[in-house]
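I opened the notebook to look up a few local features one by one. Salt bridges come at the start, then the pocket, the backbone and the surface.

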Amino acid sequence: MKPDIAPAHQPLAERLRPQRLADVIGQQHLLGEGMALRLAFESGRPHSCILWGPPGVGKTTIARLMANAFDAQFIAISAVLGGVKDIRDAVEQAQVALGQGRRTILFVDEVHRFNKSQQDAFLSHVESGLFTFIGATTENPSFEVNSALLSRAVVYVLQPLAENDLKKIVAVALAESVLPAIESIAIDRLVAYADGDARRLLNTLETLAMAAQQEQLEQVTDAWLVQVLGERMRRYDKGGDQFYDSISALHKSVRGSDPDAALYWLVRMLDGGADPRYMTRRLIRMANEDIGLADPRALRLALDAAEVYERLGSPEGELALAQCVVYLAVAAKSNAVYRAFNAARALVKKDGTRPVPMHLRNAPTKLMQSLDFGKGYRYAHDEEGGFAAGERYWPDGMAAPDFYQPVERGLEIRIAEKMRQLKARNAAAVSPPPETNR
């Protein structure tokens, strides 16, 4: 990762940006030998792509390296600051480069910030090959990038940097004499604080470097680190526990119906700098996965907590998160829907595409009606109790699996009883009538 000579006024993250593919730290699931993006580099043929991942994981670096690998003109646009004029300017520059026999790579950072018409402006030029489009986004491109543009680009998913990757970056910074010697426990704290974000790590190192130079330190100690950076450096406890260990402890405390432990882990994470919005997303997941239909109010409460936080912010909005955590912990638990959904997905994945039975098909046209679409369908609302006993809703020839098996807790007790009643009515409707003595 040793950089070329860079101006001293540049931020440390820019000065240490890798100049060769071999120097990139992390993302080996894409850049390792034989991996997809590595093969793309080695092919000599650039292709349009979307780099999706959290901040500070190398999206811009990979785009720049791709331009270097293909000796292409590199044009960067920020969707936060740019607009249609910047796109037009980029097109003109790409046309000039093409006239000189040179490729162009157009990099659009935060591409999800562009609206539909702005994203559409790239399409014809991507199709004509005027430039290779590389978009970077922290948001799910399935929802934030136009389907037309998405269909013309390969999506690569980048991951937060692992602890060992971040320690390698610290080692590179030390090798460049950015910092004096640093205690290993202080490195652990820095890595935990960075939370997979290399840019955050390097910016923090730069702050420390300036402070250490002013105080003429020979070694950065953990105590000095906390003193200089204060509350920002508290990462879930003073021992530097990992982020995902803490969220796991919170989730398991909720699942285990221990409200006090759940509150403890929630507060410790918030106190350590966890994003409350991330916490609300996890609470919504817990309501779905571990409570489900045993208490459907739990999901609504989790969604309300997210909305309250958006309206109030910190610290007032955090009380809504605490209220939600306590409710989730004491609520009746069921993962029946979670298990049923996973079982259904597994079956659909391995099963063939069975045709929809004729009586379940819609028949909006006379042609469809003439082909018996919908013929024989029983409208449940016209049946006794709003239930068409004995009606079948599965593909022909397919045995009906029992995906959903409610537990005997909370509302699912009543759901289970209703399902037993309906199954009994189904069985009675399809069974032959009992023989009578003559």
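**Entry 1. Salt bridges**

I began with the total: the structure holds 24 salt bridges. I noted that this is a predicted model.

I looked up one that ties distant parts of the chain together. Arg15 and Glu206 meet through their side chains, at 3.7 Å from N to O. Arg15 sits in helix α1 and Glu206 in helix α12 (residues 198-215), with their positions 191 residues apart in the chain. I also checked the cover on Arg15: its relative accessible area is 21%, so Arg15 is partly exposed. The cut-off for buried is under 20%.

**Entry 2. Pairs within one helix**

Next I took Glu289 and Arg285, which form a salt bridge with their closest N and O atoms 2.8 Å apart. Both residues belong to helix α16 and are 4 residues apart, about one turn of the helix.

Is Glu289 buried or exposed? I have Glu289 down as buried, because its relative accessibility is 10%. Its partner Arg285 is partly exposed, because its value is 40%.

I then asked which residues are linked with this pair in a network of salt bridges. The network consists of Arg255, Arg285, Glu289 and Asp290. For Arg255, I noted that α14 covers residues 243-255. For Asp290, I noted that α16 covers residues 276-291.

Helix α17 gave me another pair. Glu307 and Arg311 form a salt bridge, the closest N and O atoms being 3.4 Å apart. They too are 4 residues apart in their helix, about one turn. Glu307 is partly exposed because its relative accessibility is 40%. Arg311 has a relative accessible area of 68%, so I entered Arg311 as exposed.

**Entry 3. The largest pocket**

I moved on to open space in the model. Rolling a probe the size of a water molecule over the atoms shows where empty space is left.

The largest pocket has a volume of about 920 Å³. Its lining counts 26 residues, and those closest to the centre are Pro54, Pro55, Tyr244, Tyr278 and Arg281.

Which helices each supply at least two residues of the lining? I found α14 (243-255) and α16 (276-291). Helix α16 gives the largest share, 3 residues.

I sorted the lining by residue type as well: 13 residues are nonpolar, 5 are polar and 8 are charged.

**Entry 4. Backbone**

I looked for a cis peptide bond and noted the one from Ser314 to Pro315, with omega near 0°. Pro315 is in the loop between α17 (297-312) and α18 (318-330).

I also looked for positive phi outside glycine. Gln27 has a positive phi of about 60°. Its place is the loop between α1 (12-15) and α2 (28-31). Gln27 is buried, because its relative accessibility is 5%.

Asp372 is another such residue, not a glycine, with a positive phi of about 70°. Asp372 lies in the loop between α20 and α21. Its relative accessible area is 37%, so Asp372 is partly exposed.

**Entry 5. A contact across the chain**

I checked the loop between α16 and α17, where Ala294 is found. Ala294 counts as buried because its relative accessibility is 5%. Its C-alpha atom is separated by 8.7 Å from that of Asn335, and the two residues are 41 residues apart along the chain.

**Entry 6. Surface patch**

Last, I looked up a nonpolar patch on the surface. Which residues make the patch of about 350 Å²? I wrote down Tyr377, Tyr379 and Tyr393.

Tyr377 lies in the loop between α20 (366-370) and α21 (412-430). I had already placed Asp372 in the loop between α20 and α21. Tyr377 is partly exposed, because its relative accessibility is 43%. A patch residue needs over 30% relative accessible area.

Terms used: Residues numbered from 1 in each chain as written. Predicted model: local features only at pLDDT ≥ 70, side-chain atom pairs only at ≥ 80, totals over all residues. Heavy atoms only, no water. Patch = residues over 30% accessible without salt bridge, like charges linked within 9 Å, V, L, I, M, F, W, Y side chains within 5 Å. Areas by Shrake-Rupley, 256 points an atom, 1.4 Å probe, with all protein chains shown as cover. Salt bridge = Lys/Arg side-chain N within 4 Å of Asp/Glu carboxyl O. Buried < 20%, exposed > 50% of the residue type's maximum accessible area, 1.4 Å probe, protein only. 1 Å grid on protein atoms, 1.4 Å probe; cavity = no way out; pocket = protein on both sides within 12 Å on 5 of 7 lines; lining within 4 Å. Points joined across faces, edges and corners; volume = space filled by probe spheres on them. Nonpolar A, V, L, I, M, F, W, Y, C, P; charged D, E, K, R; others polar.
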